[in-house]
Amino acid sequence: MRLVAAAIIAFMATAPNALAETPRMQVFKDAACGCCDIWIDHMVEHGFEVVAQNVWNLNGIKDLLGVPVRMSSCHTAVIDGFVVEGHVPAAEVRRLLDERPAGVAGIAVPGMPDGSPGMPAAVAERYDVLIFGAGASAPFATYVGEQRVE
Ligand SMILES: [Cu+2]
């Protein structure tokens with residue numbers, strides 16, 4: 001756990017490169033998580049560079065990164081100073097990095113909605129993409145499957 005914490009802190013401390021075309025993301029996940037891998041594929045398809053790490057104490061990492069318990073999902077990532085929790089569509093991660101709203105620590109899709117990126121399903125669910133941190137209030141976006149509807 002201490003080593004992982006050190007790795008996160010080192011990663012978060014790396015200077016953001018505004019000119020980078022593909023921001024690098026570090027994903028923490030359980031070795032047995034299949035939907036995590038499918039979500040990583042989605043991020044890579046949308047131009048993100050991903051470094052994935054299997055960990056045994058994911059909840060400890062979520063605590064360390066300040067992910068609200070009610071927003072938790074199956075994997076946790078960090079990118080350019082932000083936390084990304086769960087099956088967040090790549091477009092919303094991109095928008096978060098572009099807009100950088102004040103007081104926002106991270107973005108989340110709680111649980112594992114059917115049809116969200118990495119969760120293929122016959123019938124796609126409607127779900128909110130949330131932001132968290134002192135400045136976070138309303139949902140960042142609402143989706144049905146991989147389609148933004150609000
Ligand atoms: Cu999942």
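Which residues coordinate the copper ion? Select the ion and look around it: Cys35 (SG), Cys74 (SG), His87 (NE2) and Met112 (SD) hold it at 2.1 to 2.3 Å. Donors here are N, O and S atoms within 2.8 Å of the metal (3.2 Å for Na, K and Ca), and water is not among the atoms, so sites may look incomplete.

Before you click on, a word on what you have open. This is a predicted model, where local features need pLDDT of at least 70 and side-chain atom pairs count only at pLDDT 80 or more, while totals for chains, interfaces and linings use all residues. Residues are numbered from 1 along each chain as its sequence is written, and side-chain values use heavy atoms, with hydrogens and water left out.

**Stop 1: the copper site**

Stay on the ion and check the angles. The 4 donor atoms subtend 98 to 127 degrees, which makes the arrangement tetrahedral (four donors count as that if all angles lie between 85 and 135 degrees). Along the sequence, the donor residues follow the spacing C-x38-C-x12-H-x24-M. Now pick out one pair: cysteine 35 sits in helix α2 (residues 34-45) and histidine 87 in the loop between β4 and α4 (90-99), so distant parts of the chain, 52 residues apart, are linked. Helices (H or I, at least four residues) and strands (E, at least two) are DSSP runs, numbered from the N terminus.

Cysteine 35 and histidine 87 are both buried; that word means under 20% relative accessible area, with exposed over 50% and partly exposed in between (1.4 Å probe, protein chains only). Cysteine 35 has a value of 15%, and cysteine 74 is buried at 15%.

**Stop 2: the disulfide**

Next, select cysteine 33 and cysteine 36. They form a disulfide, with the sulfur atoms 2.1 Å apart (the cut-off is a pair of cysteine sulfur atoms within 2.5 Å). The whole structure holds 1 such link. With 80 degrees about the S-S bond, the link is right-handed. Cysteine 33 is buried at 12%, and cysteine 36 is buried at 0%.

**Stop 3: salt bridges**

There are 6 salt bridges to hunt for, each a side-chain nitrogen of Lys or Arg within 4 Å of a carboxyl oxygen of Asp or Glu. Try lysine 62 and glutamate 85, whose closest N and O atoms are 2.7 Å apart. Lysine 62 lies in helix α3 (residues 58-65) and glutamate 85 in strand β4 (residues 82-86), so the pair ties together parts 23 residues apart in sequence. Both lysine 62 and glutamate 85 are buried.

Then go to arginine 126 and glutamate 150, which meet at 2.5 Å, N to O. Arginine 126 is in strand β6 and glutamate 150 in the segment after β8 (147-148), so this bridge ties together parts 24 residues apart in sequence. Arginine 126 is exposed at 51%, and glutamate 150 is exposed at 53%.

Aspartate 37 pairs with lysine 29 at 3.4 Å between the closest N and O atoms. Here aspartate 37 is partly exposed at 34%, whereas lysine 29 is buried at 6%. Also select Glu92, Arg95 and Glu99, which are linked in a network of salt bridges.

**Stop 4: proline 113**

Finish in the loop between β5 (106-109) and β6 (126-132), where proline 113 sits. Proline 113 is buried, at 5% relative accessible area. Leaving aside neighbours within four places in sequence, proline 113 is in contact (heavy atoms within 4.5 Å) with Met119, Glu125 and Tyr127.

Conventions:
Four donors count as tetrahedral if all angles lie between 85 and 135 degrees; four count as square planar and six as octahedral if opposite donors are over 155 degrees apart and all others between 65 and 115; anything else is irregular.
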